[in-house]
Amino acid sequence: MKKSILTKGIKVIIGVNSIAAVISLTFWILVMFKIFIQSNTGITMDIMSKASTLGFLIADVFLAVPILMISIPGLLRLSSWGWTFAQMANILWIYSLTSLWARDIYTGLITPGDIIFLPFGLFSIWSINYLWRNKSKFNIL
């Protein structure tokens, strides 16, 4: 059976997922050092804010970033697991950003993470639709 070639859209998704993984990991490493490792940074956060930030940090570093990274070779191979992991990453973007924006609109504060990651959330809406319409390239029924 002849394997399909990578479409421009799939290449774009691979590129965006690669960039998103690097930016996410870099962002959370910087946050970890600034908030949880360095002392006397001048950042004052109550315990609930720190707990929420730590929760997102752990979830992104141990779940979202690996899912993004696994999607990349899977999409390159046009494998069903690559398609699945890419869709999982898309859903995580929508979920995470909905949570962040709801929290920050409620508190009246827009955080750097809201701005940095918003384009990935918006992109994921397009990506979900594109991958769904092109699932036959991945041998998904």
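**Exercise 1. Which helices supply at least two residues each of the lining of the largest pocket?**

Solution. α1, α2, α3 and α4 each give at least two residues to that lining. Bear in mind that the model is predicted.

Step 1: take the size. The largest pocket has a volume of about 640 Å³.

Step 2: look at its centre. The pocket is lined by 28 residues, and the closest to the centre are Thr53, Leu100, Arg103, Asp104 and Thr111.

Step 3: find the main supplier. α3 gives the largest share of the lining, 9 residues.

**Exercise 2. Describe the overall layout of the protein.**

Solution. Step 1: count the elements. There are 4 helices and 0 strands.

Step 2: read their order. From the N terminus on, the pattern is α-α-α-α.

Step 3: check burial. Of the 141 residues in the protein, 37% are buried.

Step 4: turn to contacts. Take the contacts with a separation of 6 or more; 71% of them join residues 24 or more positions apart.

**Exercise 3. Follow helix α3 from end to end, and name residues that it buries.**

Solution. Step 1: set the limits. α3 covers residues 80-107, which is 28 residues.

Step 2: compare its span with the expected one. The helix reaches 41 Å from its first C-alpha to its last, close to the 40 Å expected at 1.5 Å a residue.

Step 3: pick out buried positions. Among them are Gly82, Trp83, Ala86, Trp93, Leu97, Leu100 and Asp104.

Step 4: see what comes next. Gly108 follows α3, and its phi is positive, near 80°.

**Exercise 4. Locate the largest nonpolar core and trace the contacts of Trp93.**

Solution. Step 1: size the core. The largest nonpolar core has 30 residues. Ile10, Leu75, Trp93, Leu131 and Phe138 have the most contacts inside it.

Step 2: assign it to helices. α1 (8-37), α2 (47-76), α3 and α4 (112-133) each supply at least two residues of this core. The largest share, 10 residues, comes from α1.

Step 3: zoom in on Trp93. Leaving aside residues up to four places away in sequence, Trp93 touches Ala20, Ser24, Leu68, Phe117, Phe120, Gly121 and Ser124.

Step 4: add the general rule. In soluble globular proteins, nonpolar side chains tend to be buried together.

**Exercise 5. Find the salt bridge and classify the burial of its two partners.**

Solution. Step 1: search the whole structure. The search finds 1 salt bridge.

Step 2: name the partners. Asp104 pairs with Arg103, and the closest N and O atoms are 2.7 Å apart.

Step 3: classify Asp104. Its relative accessible area is 2%. The cut-off for buried is under 20%, so Asp104 is buried.

Step 4: classify Arg103. Its relative accessibility is 30%, so Arg103 counts as partly exposed.

Step 5: go back to the pocket. Arg103 and Asp104 are both among the lining residues closest to the centre of the largest pocket.

**Exercise 6. Leu78 and Asn139 have positive phi values without being glycine. Place each one and judge its exposure.**

Solution. Step 1: take Leu78. Its phi is near 55°. Leu78 lies in the loop between α2 and α3. With a relative accessible area of 2%, Leu78 is buried.

Step 2: take Asn139. Its phi is about 55°. Asn139 sits in the segment after α4. At 48% relative accessibility, Asn139 counts as partly exposed.

Step 3: set them side by side. Leu78 is buried, whereas Asn139 is partly exposed.

Methods
Residues are numbered from 1 along each chain as its sequence is written. This is a predicted model: local features need pLDDT of at least 70, side-chain atom pairs count only at pLDDT 80 or more; totals for chains, interfaces and linings use all residues. Side-chain values use heavy atoms; hydrogens and water are left out. The expected span of a helix is 1.5 Å times one less than its number of residues. Buried means under 20% relative accessible area, exposed over 50%, partly exposed in between (1.4 Å probe, protein chains only). A nonpolar core is a set of buried Ala, Val, Leu, Ile, Met, Phe, Trp, Tyr and Cys residues joined through side-chain atoms within 4.5 Å. Contact means heavy atoms within 4.5 Å. A salt bridge is a side-chain nitrogen of Lys or Arg within 4 Å of a carboxyl oxygen of Asp or Glu. On a 1 Å grid over the protein atoms alone, a cavity is a set of points where a 1.4 Å probe fits but cannot get out, and a pocket is an open set with protein on both sides within 12 Å along at least five of seven lines; lining residues have an atom within 4 Å of a point. Grid points are joined across faces, edges and corners, and a volume is the space filled by probe spheres set on the points.
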